[in-house]
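Welcome! Let us take a walk through this structure together, beginning with its surface and then going on to its parts.

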Amino acid sequence: MTQNTPLFPHPHEVRRRVQSAAQLRARGVSAAQTPAQCLPGGPWQQLLPGVYLLHSGPPTGEERLHGALLYAGRPPVSARRPAHAPAGSRYGEAMVTGMAALTLYGFPTAPPLVSLHRIDVLVPRTRRLRSTRFVEVVRGAGLPGPVEMDGVPVAPVERALADAVAGITDGSVARRLLTDAVRGGHCEAAAVVRELSAAKLLGRAHLREAVDFLLAEGRAVAESRLYEMVRGQGLPVPLWNVELRLPGGPRLGAVDAYWPDQAVAVDIDCRPPRQEDDEEHWSAHAARRDHLERLGITVVHVTPKKLREAPEQQATVVRTALMAADDREPAAYVVILPR
């Protein structure tokens, strides 16, 4: 399943079969009539507090999802719907997150909706709403803007991942979910690490190991995209993954691609988000870049996100640097070593 694949075969039919008490009242069903329809052997059943399933069979995964959003998105008692809720939203500020969201995004290791024991729904921290039955209420401050999928508000992938792995203690499961995000092109490794850091999850040993694997996977995917960009955009073939060194001097560092005749290098920046305790690492990276530039080597910095979203633009930057080589002073001679 992708964002272009309908979540529900007939989304309007699903919404017709799952109704809130307020929706039923708007249709002329009184508060007294609704419970009568849900008696044993009756045509309806109560799916969640204030949410009703208008048939007697077991709910589908899609019906449970819709019901969870209706339950979590209803306005607080004696209060109007928040003024900043999305216009026309059926669910207020509530949005699907956690494993259910990853299922909707099409993660191969996420189970189908019908197999999920719980559906996580993200709501503002100030909401006084209890988790109940199959609905797990997740509270947060400063909620992200949801991604609309067939009218279903879904938390961005990074946030959904953080909420999903927060309840996972198996490192191998967490690792598979995190790498699915990068392999599937849903987001970049650095964005995932940033969200995990904001959720204060990086202190857990099994997640730190999963993040190390994620960053390595993110670099491999980015390198593959760089190879494809060079081939697909007709750029000259560079020397791949080499180490540069001054003759008889110190190493200058590694680059992902290097055109020696033009003294142009491409460096994929796969560093995790900047942390307070890694200032030395960031300073060393900047110093290496500046040193190469002073030697006359043009360094083109690209990020995994740019390679994924705008490869043509990045190829233009590289091509421009190659074409400008004749107008620059000759670069210092460097020794090229395999990395």
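About 17,400 Å² of the chain is exposed, and 52% of that area comes from carbon and sulfur atoms. Turning from the surface to the interior, you will find that 45% of the 339 residues are buried. Please keep in mind as you look around that this is a predicted model.

How is the chain built up? It holds 12 helices and 13 strands. Among its contacts with a separation of 6 or more, 61% join residues that lie 24 or more positions apart.

For a look at one helix, go to α6, which spans residues 157-165. This helix is mostly covered, with 8 of its 9 residues buried. Among them are Val 157, Leu 161 and Val 165, but also Arg 159 and Asp 163.

Next, find strands β2 (residues 45-48) and β3 (residues 51-53), which pair in the antiparallel sense over 3 bridges. Across this pairing, Gln 46 stands opposite Tyr 52 in β3. The hairpin leaves 2 residues between the two strands, and Gly 50 has a positive phi near 80 degrees there.

Finally, how confident is the prediction? The mean pLDDT of the chain is 89, and 89% of the residues reach 70 or more. Of the chain's elements, strand β4 (residues 95-97) has the highest mean pLDDT, at 98, while helix α10 (residues 279-294) has the lowest, at 73. Residues 1-7 have pLDDT below 50, and in the model this stretch makes 17 contacts beyond near neighbours in sequence. The pLDDT is also below 50 over residues 80-88, a stretch with 10 such contacts beyond near neighbours in sequence.

Note on methods
Residues are numbered from 1 along each chain as its sequence is written. This is a predicted model: local features need pLDDT of at least 70, side-chain atom pairs count only at pLDDT 80 or more; totals for chains, interfaces and linings use all residues. Side-chain values use heavy atoms; hydrogens and water are left out. pLDDT is the predictor's confidence in each residue, from 0 to 100. Helices (H or I, at least four residues) and strands (E, at least two) are DSSP runs, numbered from the N terminus. Contact means heavy atoms within 4.5 Å. Buried means under 20% relative accessible area, exposed over 50%, partly exposed in between (1.4 Å probe, protein chains only). Two strands pair if DSSP finds at least two bridges between them. Accessible areas come from the Shrake-Rupley method with a 1.4 Å probe; for residues, only the protein chains shown count as cover.
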